[in-house]
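Reader: Could you take me on a close look at the empty spaces inside this protein? I'm new to this, so please explain the terms as you go.

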Amino acid sequence: MWLIPNPLRYLWHRYLSDEYPVFPPPKPEELLARPNAYRERLFQRAYRTPKDKLEDNPLFSLYRLYEHLVLNDNIGLRNEIEYFWYTKWPIASIPDPHDSSESRYAVLSAIPGLLVESFNQRIELGLPRKADPIMSREEIEQYQKEERIFESVPEWTEQVARLEDTLVIPHDNDEVLESFEDERASGQLAAKNILHWQPHIHFI
């Protein structure tokens, strides 16, 4: 019987599996044309990185956040935001993807602003990113006494052009907002001419 050593067996399985992501993922227009099919792919995914990459990085996470956001997968989005928090990657370190799709690039460029809002709220409460997921009361009290170190967006996000045509992302039951004047609209997404509810970006 041919036995493949454990590390090689792992790589072999990854190359034969459909359970890993492909980057870049489809454009927003394609995801929104077949949302149920693409959501099913997300639910079946077993790996965070492409088949030829074993190490995760901020750019891969950014694209995963993009998929969850466009497909209105709130649980997946919040889980990925929490995952990014605990990796301790600085938000400002997310590299410019130089994405070839204007609409996908616009969505990608809005996501770091959402991360900054989410993370800085926690930091303001005295929960630094260096903290462990489970803390004692004494540790929390000590962290609350320390100087806050806040996150910031990468410079490239501000250089990405605002879309000429509004990209509308539906909410639950395909409901859409009628205008940016709706108080439920996301300000970070609106800056790139993307109309969508403010996503669920906060976690405990």
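Author: Happily! The lining of the second largest cavity has 6 nonpolar residues, with no polar and no charged ones. Here Ala, Val, Leu, Ile, Met, Phe, Trp, Tyr, Cys and Pro count as nonpolar, Asp, Glu, Lys and Arg as charged, and the others, Gly among them, as polar. The lining is made of Leu65, Leu69, Leu77, Ile81, Ile111 and Leu114, and α4, α5 and α6 each supply at least two of these residues. Helices like these are DSSP runs (H or I, at least four residues), numbered from the N terminus.

A cavity is a set of points on a 1 Å grid over the protein atoms alone where a 1.4 Å probe fits but cannot get out, and lining residues have an atom within 4 Å of a point. This one holds about 30 Å³ of space; such a volume is the space filled by probe spheres set on the points, which are joined across faces, edges and corners.

Please keep in mind that this is a predicted model, where local features need pLDDT of at least 70 and side-chain atom pairs count only at pLDDT 80 or more, while totals for chains, interfaces and linings use all residues. Residues are numbered from 1 along each chain as its sequence is written, and side-chain values use heavy atoms, with hydrogens and water left out.

The whole structure has 2 cavities of 30 Å³ or more. The largest cavity has about 60 Å³ of space, and its lining divides into 4 nonpolar, 7 polar and 1 charged residues. Among them are His68, Asp73, Trp197 and His200.

Notes:
On a 1 Å grid over the protein atoms alone, a cavity is a set of points where a 1.4 Å probe fits but cannot get out, and a pocket is an open set with protein on both sides within 12 Å along at least five of seven lines; lining residues have an atom within 4 Å of a point. Helices (H or I, at least four residues) and strands (E, at least two) are DSSP runs, numbered from the N terminus.
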